[in-house]
Amino acid sequence: MSDNIRSVDVGQPAPDFALKDQNNEVVSLASFAGEKNVVLIFHPLAFTGICEGELCAVQSELPTFENDDVQVLSISVAPSPSHKVWANQQGFTFPLLSDFWPHGAVAQAYGCFDETKGVATRATYVIDKAGIVRWKTMNAIPDARDHAEYAKALAEL
């Protein structure tokens with residue numbers, strides 16, 4: 001992370017965004033306001049071992065993370081066509097959003113962009129229906145996250 005970029009903290013408003021998903025449809029954070037809590041998962045790249053393992057774990061436990069009250073969104077700098085192929089290969093049914101251009105702008109807004117590598121770190125934010133960050137975790141690129149922590153954070157909303 002760049003020294004001049006601050007991470008969004010718990011209790012702060014989550015920066016809004018509008019990005020294309022793997023189906024080239026625009027998804028915005030604001031579209032869930034007042035309707036659903038959001039689990040926002042930043043991952044460095046598609047088609048990489050740790051990222052694939054993490055998102056496959058989310059998909060296999062999707063009813064825990066995504067339901068009438070919660071939406072899972074995943075973001076990386078990979079372009080939408082790459083996400084489409086990856087989603088089809090792995091069976092991902094939640095939106096994989098492309099932060100491709102301007103390169104990493106949403107990750108930068110959240111303070112989880114690694115400028116030396118040009119990708120997001122492994123950051124996750126639980127955002128409530130009012131658009132406030134209620135929980136977050138930030139892991140280094142080689143360090144996988146504990147998905148049980150997401151479920152715990154959601155249960156506390």
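## Salt bridges and ring pairs

Let's start with a small network: Glu54, Arg122 and Arg145 are joined to one another by salt bridges. Keep in mind that this is a predicted model.

Searching the whole structure turns up five salt bridges. Here are three of them, with the distance between the closest N and O atoms.

| Basic residue | Acidic residue | Closest N and O atoms |
|---|---|---|
| Lysine 136 | Aspartate 9 | 3.2 Å |
| Arginine 122 | Glutamate 54 | 2.9 Å |
| Lysine 129 | Aspartate 69 | 2.5 Å |

Take the bridge between arginine 122 and glutamate 54, with its closest N and O atoms 2.9 Å apart. Arginine 122 sits in strand S8 (residues 122-127) and glutamate 54 in helix H1, so this bridge ties together parts that are 68 residues apart in sequence. Are these two residues buried or exposed? Both arginine 122 and glutamate 54 are buried.

Now for lysine 129 and aspartate 69, whose closest N and O atoms are 2.5 Å apart. Lysine 129 is found in the loop between S8 and S9, while aspartate 69 is in the loop between helix H2 (62-65) and strand S4 (70-76), so the pair ties together parts 60 residues apart in sequence. Lysine 129 is partly exposed, at 31% relative accessibility, and aspartate 69 is partly exposed too, at 32%.

Then there's the salt bridge from lysine 136 to aspartate 9. It links distant parts of the chain: lysine 136 is in strand S9 (residues 133-139) and aspartate 9 is in the segment before strand S1 (18-20), 127 residues apart. Lysine 136 has a relative accessible area of 25%, which makes it partly exposed. Aspartate 9 is also partly exposed, at 31%.

On to the rings. A search of the whole structure gives seven aromatic pairs. In one of them, phenylalanine 47 and tryptophan 86 have ring centres 5.9 Å apart and planes at 45°, so the pair counts as tilted. Phenylalanine 47 lies in the loop between strand S3 (37-42) and helix H1 (49-60), and tryptophan 86 in helix H3 (residues 80-90), so the pair ties together parts 39 residues apart in sequence. Phenylalanine 47 is partly exposed, with a relative accessible area of 40%, whereas tryptophan 86 is buried at 0%.

Tryptophan 86 also pairs with phenylalanine 92: their ring centres are 5.1 Å apart and their planes at 80°, so this pair is edge-to-face. Phenylalanine 92 is buried, with a relative accessible area of 5%.

Finally, Phe17, Phe42, Tyr110 and Tyr125 make up one aromatic cluster.

Methods:
Residues numbered from 1 in each chain as written. Predicted model: local features only at pLDDT ≥ 70, side-chain atom pairs only at ≥ 80, totals over all residues. Heavy atoms only, no water. Phe/Tyr/Trp six-rings, centres within 6.5 Å; stacked < 30°, edge-to-face > 60°. Helix = DSSP H or I, 4+ residues; strand = E, 2+ residues; numbered from the N terminus. Buried < 20%, exposed > 50% of the residue type's maximum accessible area, 1.4 Å probe, protein only. Salt bridge = Lys/Arg side-chain N within 4 Å of Asp/Glu carboxyl O.
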